[in-house]
Amino acid sequence: MELGINTFGDAGLDPVTGKTTTHPERLQQLVEEIATADRVGLDIFSIGEHHRNDYAVSSPDVVLAAGAAMSKNIRLSSGVTVLSSDDPVRVYERFATLDGISNGRAEIMAGRGSFIESFPLFGYDLNDYNTLFDEKLDLLLQLQKGGKINWEGTHRPPLKDAEIFPKTVQDEIPIWIASGGTPQSAQRAAVLGLPLVLAIIGGSPYQFKRTADFYRQVGKDAGHDESKLKVATNSHGFIWDSDGEARDLFFPAISGSMTKIGRERGWGTYTREAFDAMADPSGALYVGSPETVARKIVDLYEHMGVERFTLQTPVGVMSHDKVLKTIELFGEKVAPLVHEGVEKIKAERQK
């Protein structure tokens with residue numbers, strides 16, 4: 001089971017210290033976080049794309065390339081690339097460049113995005129929300145195969161015998177489809193035989209088992225190799241020495257972030273009561289001591305059979321030293337416990 005970090009590069013006012021983390025500061029911190037995750041043996045580091053003041057990263061591939069120079073083994077992915085408002089050729093070129101710099105560690109996580117600010121920014125009509133993604137994903141998958149490209153759509157000029165550079169280290173850059181859990185997104189990924197990432201940020205992770213099972217069955221029915229029908233999940237979280245400390249340290253940051261987003265979307269205030277409920281064993285938050293977080297990840301594997309889990313941290317603004325310690329605990333304490341637990345489950349199933 002692969003384990004890693006996902007981040008949006010949250011920037012702004014730290015509700016605990018009162019210090020403001022600027023965009024340049026946060027970008028520099030992210031490079032150190034990638035290096036730390038690599039040093040402690042985590043498998044994947046992914047960075048989300050946004051175009052708003054509370055997140056520092058509009059170009060994940062640039063930050064990942066800086067991190068590539070400071071790391072050796074960890075895989076580097078967007079989390080997500082908002083493909084609908086980008087050009088697939090440019091996306092592929094940028095990640096092919098990252099693949100070369102990292103010596104074959106690049107991945108693309110493609111999604112429609114949970115925010116819509118990029119659509120007016122780059123001149124796209126939200127009425128084309130679905131068709132933009134479908135068409136651009138089709139082109140991106142053709143680019144992934146390499147060779148000369150002949151393609152025609154409705155949202156960009158056609159390509160005739162086009163060849164894309166630079167060439168990559170990997171035969172194909174892995175492309176994952178990110179989903180909030182809708183059957184339509186799972187079906188799209190399954191029919192195409194692409195690995196699926198489920199963003200689980202509310203409710204219970206076990207509620208997504210039906211989506212994962214549906215995805216695997218549709219992919220199997222479509223004739224795809226079951227070993228390629230991988231499921232990953234991404235959830236908010238924070239790791240510290242004890243459960244109580246982890247909750248107390250993480251709540252101010254996530255509360256500020258989720259309350260702000262909630263106001264934009266008509267949700268209620270993010271309360272401590274709701275936070276504590278989601279941090280409990282069946283909730284979507286992976287917050288607590290290394291033992292607590294590891295146990296929840298092993299339970300997730302047992303119920304859903306996921307091949308990859310990423311911890312989104314921080315959510316909101318936290319001091320950099322706390323983020324680094326969480327990453328270190330994840331790699332040094334949580335990961336060994338998770339791998340041990342997963343192996344036990346596999347052994348039991350083989351009896």
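Here are some questions and answers about this predicted model.

Me: How do the axes of α1 and α2 lie to each other: roughly parallel or oblique?
Reply: Let's start with the angle: the axes of helix α1 (residues 23-39) and helix α2 (residues 60-68) come within 8 Å and cross at roughly 50 degrees. Angles under 35 degrees count as roughly parallel, and 65 to 115 as roughly perpendicular. The crossing of α1 and α2 falls in neither range, so the two helices are oblique.

Me: Which residues of α2 meet α1, and how many residues of the contact are nonpolar?
Reply: On the α1 side you can look for L27, L30, V31 and I34, and on the α2 side for V63, L64, A66 and G67. None of the contact residues is charged and 1 is polar. Gly counts as polar. The residues from α2 are thus V63, L64, A66 and G67, and the nonpolar count for the contact is 7.

Me: Is V306 buried or exposed?
Reply: V306 sits in the loop between α10 (290-304) and β14 (308-312). Leaving out residues up to four places away in sequence, V306 touches M1, R216, V231, T233, L300 and Y301. Buried means under 20% relative accessible area. With a value of 0%, V306 is therefore buried.

Me: What separates the C-alpha atoms of V306 and L196?
Reply: Along the chain, V306 and L196 are 110 residues apart. In space, the separation of their C-alpha atoms is 9.9 Å.

Me: Which helices does the salt bridge between R188 and D134 tie together?
Reply: The closest N and O atoms of R188 and D134 are 2.9 Å apart. R188 is buried at 18% relative accessible area, while D134 is partly exposed at 38%. R188 belongs to residues 183-192 and D134 to residues 129-145, so the pair links parts 54 residues apart in sequence: helices α6 and α5.

Me: Where do E340 and K344 lie, and is K344 buried or exposed?
Reply: E340 and K344 form a salt bridge, with their closest N and O atoms 3.6 Å apart. The two residues are 4 apart, about one turn of the helix, and both lie in α11 (residues 320-350). E340 is partly exposed at 42%. Exposed means over 50%, so K344, at 53%, is exposed.

Me: How many salt bridges does a search of the whole structure find?
Reply: One of them joins E25 and K19, whose closest N and O atoms are 3.7 Å apart. Others share partners and join R247, D248, R272, D276 and D280 into one network. For the whole structure, the number of salt bridges found is 27.

Technical notes:
Residues numbered from 1 in each chain as written. Predicted model: local features only at pLDDT ≥ 70, side-chain atom pairs only at ≥ 80, totals over all residues. Heavy atoms only, no water. Axes fitted to C-alpha atoms, helices over the stretch in contact; angles between N-to-C directions. Parallel < 35°, antiparallel > 145°, perpendicular 65-115°, else oblique. Contact = heavy atoms within 4.5 Å. Buried < 20%, exposed > 50% of the residue type's maximum accessible area, 1.4 Å probe, protein only. Salt bridge = Lys/Arg side-chain N within 4 Å of Asp/Glu carboxyl O.
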